Amino acid sequence: MRLSRYFLPVLKEDPKEAQIVSHRLMLRAGMIKQQTAGIYSWLPLGYKVLDRIQTIVHEEQQRAGHIPLLMPTLQPADLWRESGRYDDYGEEMLRIKDRHKRDLLYGPTNEEMITDIFRSHVSSYKDLPLTLYHIQWKFRDEIRPRFGVMRGREFLMKDGYNFDLTKEDALHAYNRHLVSYLRSYERMGLQAIPMRADGGPIGGDYTHEFLVLAETGESEVFYDSEITDLTFGDREIDYDSVEQCQAVLEEFTSRYARTDETHDQAIFDKVPEERRRTARGIEVGQIFYFGTKYSEPMGATVVGPDGARVPVHMGSHGIGVSRLLGAIIEANHDEKGIIWPEGVTPFHVGIVNLKQGDPSTDSACEALYRELKAKGLDPLYDDRDERAGAKFATMDLIGLPWRITVGPRGLANNKVELTNRRSGESEEIAAQDAVARLDEIYRPVLAAAKL
């Protein structure tokens, strides 16, 4: 992509309505535009990052054996009346009547609808286990939407649902989701800590939230500092192995880590004092096991091995896809702008031409652009007729992890400048060496996408 042809409406000043860093930087970087309270248009740069996040979530869900589908945003109220949640959910649910006066709702979640799909098509234990998921826009009518995409009314979420014959099978699905979430967040450059949580309106006997530590987090969290030393890394895991998934769960949840809703000071006091931490956290996902809460009232049953019909055991598992974008910025920024992790950056590298119109710099930039594309990378070439300072400011604001600067002085010595956005360090190297370096940096990122 050439910046002269791209739609990137950056702002020079901080928007007055933005209260937190991610909201401010997303508006300034031309990623979103507010249409009304808590509802945003996703402009090209923001949509590109949103797509990167969605892709990682899809890849890791399918790696774990989960099957994608797509359910509608509008749901019939009768399904929610069956489960007993239609009246209980509260004013956050947007209730609608169509022209035939039928009650509909803009779905905040999909437990009822997925249970209806399941009961319509599955009747035998031989079709289990089964996990279905989708990534879809949701709506919750927040009384005070704020903080940009962090607490909007319309949001993009991955929600998945497991159906199992027994509680033991369903808890394996729970563990499998925990593993897949850890992999997903690490690929996005985040450390998301699983914390014991409250079931809320969805319910559930077992539930963990995944929280990213950030000063602007909506939740107060209490944790053992040892948990921040844990990483999943590139280890291989058999998602069908009960033992392997259970071992990962125990590794990442055996240390104290809870939100303020479930905090137990007496247990926390048993953690060595030097390891006790309190902070703020941003929720980016949650997993639930709720047994037969929905399958019993809605008649989602299967014939078991003994011929008797039994309700299936279920769980639901969500990742806040659009919310994640804000969380990543909250955890990765400086005074100049965003600093994208390599796994979710909208473009892998920016090319800055210091003397647009000069035959030598134009030719060198074009060659770099072609060579980077040939390596499977996605460069953004700033070919605008702008002063160097403006070009650097734009690149710093939008936060691409790497920048290649091409100017007449460097080319006279067959050199370009390669700059790391996070560290600010630059080095002069040959153009072909810059391409080789970036290929080496991004090779594991691109390889992680291969199932």
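Visitor: Which residues line the largest cavity?

Guide: In this predicted model, the lining is made up of G38, Y40, W42, W137, G148, V149, G152, E154, F155 and S322. Two elements, strand 2 (39-42) and strand 8 (154-164), each give two or more residues to that lining.

Visitor: What makes this space a cavity rather than a pocket?

Guide: A cavity is a set of points where a 1.4 Å probe fits but cannot get out, whereas a pocket is open. The largest cavity holds about 80 Å³ of space. With a cut-off of 30 Å³ or more, the count is 2 cavities.

Visitor: Why is E154 counted as charged in this lining?

Guide: Glu belongs with Asp, Lys and Arg in the charged class, so E154 is counted there. The whole lining of the largest cavity has 5 nonpolar, 4 polar and 1 charged residues.

Visitor: What lines the second largest cavity?

Guide: I20, F147, M150, R151, T216, E218 and R323 do, around about 50 Å³ of space. By class, that lining has 3 nonpolar, 1 polar and 3 charged residues.

Visitor: Why is helix 2 called roughly antiparallel to helix 5?

Guide: The axes of helix 2 (residues 44-63) and helix 5 (residues 167-187) cross at roughly 150° and come within 9 Å. Angles over 145 degrees count as roughly antiparallel, so the pair earns that name. Their crossing is right-handed.

Visitor: Which residues of helix 2 and helix 5 meet?

Guide: From helix 2 come I56, E59, E60, Q61 and R63, and from helix 5 come H177, S180, Y181, R183, S184 and R187. This contact divides into 2 nonpolar, 4 polar and 5 charged residues.

Definitions and conventions
Residues numbered from 1 in each chain as written. Predicted model: local features only at pLDDT ≥ 70, side-chain atom pairs only at ≥ 80, totals over all residues. Heavy atoms only, no water. 1 Å grid on protein atoms, 1.4 Å probe; cavity = no way out; pocket = protein on both sides within 12 Å on 5 of 7 lines; lining within 4 Å. Points joined across faces, edges and corners; volume = space filled by probe spheres on them. Helix = DSSP H or I, 4+ residues; strand = E, 2+ residues; numbered from the N terminus. Axes fitted to C-alpha atoms, helices over the stretch in contact; angles between N-to-C directions. Parallel < 35°, antiparallel > 145°, perpendicular 65-115°, else oblique. Left-handed = near helix turned anticlockwise from the far one by under 90°. Contact = heavy atoms within 4.5 Å.
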